[in-house]
Amino acid sequence: MSIQILNCASMSPWWPRWQVGGVCLLVDTDQGPVLVDTGLGLHDHEAPSNLVRFFRMDLGIHYAPEETAIRQVAARGLQPDDIHHIVLTHLHFDHAGGLPDFPWAKVHLHRKEFEALLHPKKWIERFAYDRKDFKHQPDWVLYEHATEKWFDFEAIPLPFSPRMYLIPLFGHTSGHCGVAVEDSTGWLLNCSDALPTNAQFDLTPDWLNRMAIGPYVPRLKAFAADHPEVRLLAGHAWRADFK
Ligand SMILES: [Zn+2]
């Protein structure tokens, strides 16, 4: 069993001038390769919505169709229709943009995130999601109840082997989750947008982290210090860290 870390969304924001990517995982499981987040899709490069166009300028998103999950899956010698399952941390376009490239896949997601898409309550939710990502009506598999613990976090088991969990880390969006995956070397936690790119350098103040990515930064940093054996990834890790 292996976990490959893919960069499916290179960005070079104007300020601060960070060179970051968009973390997706390609995990070997008993049900074939599972994608955790999709990054940007082909349509985000070839026919972007106004929302994506706006963020492309703001975040300095690269034009790079070869970085899409579907192209990277093919480059690894897999057939795209071998991907039967996609697990999503949340529905923002830079994490879910690749969904239309895998319209046959079951999409595993926290129910709260799905409800925020269907019935946005906060003003930001009204325009935060790119409707083009969901026009093909994905085959959703929704989860709600955390029935287990992963270390001291509430955890929702996903139906794959090796073990995988959705870890509710709400804040960045209503139903935002991290995804914990086990392989032969131990655990990896993709914190997605609950952990800032710059966590190890403390470049952004706590109040800004709380506002933009939610309340879990202090807890995730403390967890990282207590558990050096667990690999933690920010959803927009430095590009140099993709290995
Ligand atoms: Zn996001």
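Modeller: Two strands count as paired if DSSP finds at least two bridges between them. This model is predicted. Strand S5 (residues 106-110) and S6 pair in the parallel sense, over five bridges.

Biologist: What does pairing rest on in general?

Modeller: Strands of a sheet pair through backbone hydrogen bonds, and the sense is either parallel or antiparallel. To find a matched position, take His108, which stands opposite Val141 in S6.

Biologist: In what order do the strands of that sheet lie?

Modeller: Six strands form an open sheet in the order S1-S2-S3-S4-S5-S6, with mixed pairing. Strand S1 (3-7) and strand S6 (139-143) are at the edges; each has a single partner strand, so one side of each has no neighbour in the sheet. From one strand to the next, the twist averages 25°.

Biologist: Which helix lies across S5 and S6, and at what angle does the helix run to S5?

Modeller: Helix H5 (residues 111-118) does, running at about 95° to S5.

Biologist: How do I read a helix by its residues, and which way do those three or four places apart point?

Modeller: An α-helix has 3.6 residues a turn, so residues three or four places apart point the same way. In H5 the buried residues are Glu113, Phe114, Ala116 and Leu117. Seen down the axis of H5, they fall within an arc of 155°, so they line one face of the helix. These buried residues pack against S5, helix H6 (123-128) and S6.

Biologist: Why does Leu88 count as buried?

Modeller: The cut-off is 20 or more other C-beta atoms within 10 Å. Leu88 has 27 C-beta neighbours inside 10 Å, so Leu88 counts as buried. Leu88 is found in the loop between strand S4 (85-87) and helix H4 (93-96). Leaving out residues up to four places away in sequence, Leu88 touches Asp37, His95, Ala96, Val107, His108 and Leu109. Sequence distance and spatial distance should be read separately. Leu88 and His110 are 22 residues apart in sequence, while their C-alpha atoms are 8.3 Å apart in space.

Biologist: What do nonpolar side chains tend to do in soluble globular proteins?

Modeller: They tend to be buried together. Here the largest nonpolar core has 59 residues, of which Cys24, Ile86, Ile167 and Val179 touch the most other members. Strand S2 (residues 23-29) gives the largest share of this core, five residues.

Biologist: Which residues are in contact with Cys24, leaving aside its neighbours within four places in sequence?

Modeller: Cys24 is then in contact with Leu6, Cys8, Leu35, Val36, Asp37, Thr38, Gly39 and Ala69.

Biologist: Now the other sheet. In what order do strands S7 to S12 lie?

Modeller: Six strands form an open sheet, again with mixed pairing, in the order S7-S8-S9-S10-S11-S12. Its edge strands are strand S7 (148-150) and S12, each pairing on one side only. The twist here averages 35° from one strand to the next.

Biologist: Is the pairing of S10 with S11 parallel or antiparallel?

Modeller: Antiparallel: strand S10 (residues 177-183) and strand S11 (residues 186-190) pair over five bridges. A hairpin joins S10 to S11 through two residues. Asp183 stands opposite Gly186 in S11, and the bridge partner of Glu182 is Trp187.

Biologist: How many bridges join S11 to S12?

Modeller: Three, and S11 runs parallel to strand S12 (residues 231-233). Leu189 stands opposite Leu232 in S12.

Terms used: Residues numbered from 1 in each chain as written. Predicted model: local features only at pLDDT ≥ 70, side-chain atom pairs only at ≥ 80, totals over all residues. Helix = DSSP H or I, 4+ residues; strand = E, 2+ residues; numbered from the N terminus. Axes fitted to C-alpha atoms, helices over the stretch in contact; angles between N-to-C directions. Contact = placed C-beta atoms within 7 Å. Core = buried A, V, L, I, M, F, W, Y, C linked by C-beta atoms within 7 Å. Buried ≥ 20, exposed ≤ 12 C-beta atoms within 10 Å, placed from the backbone. Arc of directions from axis to C-beta.
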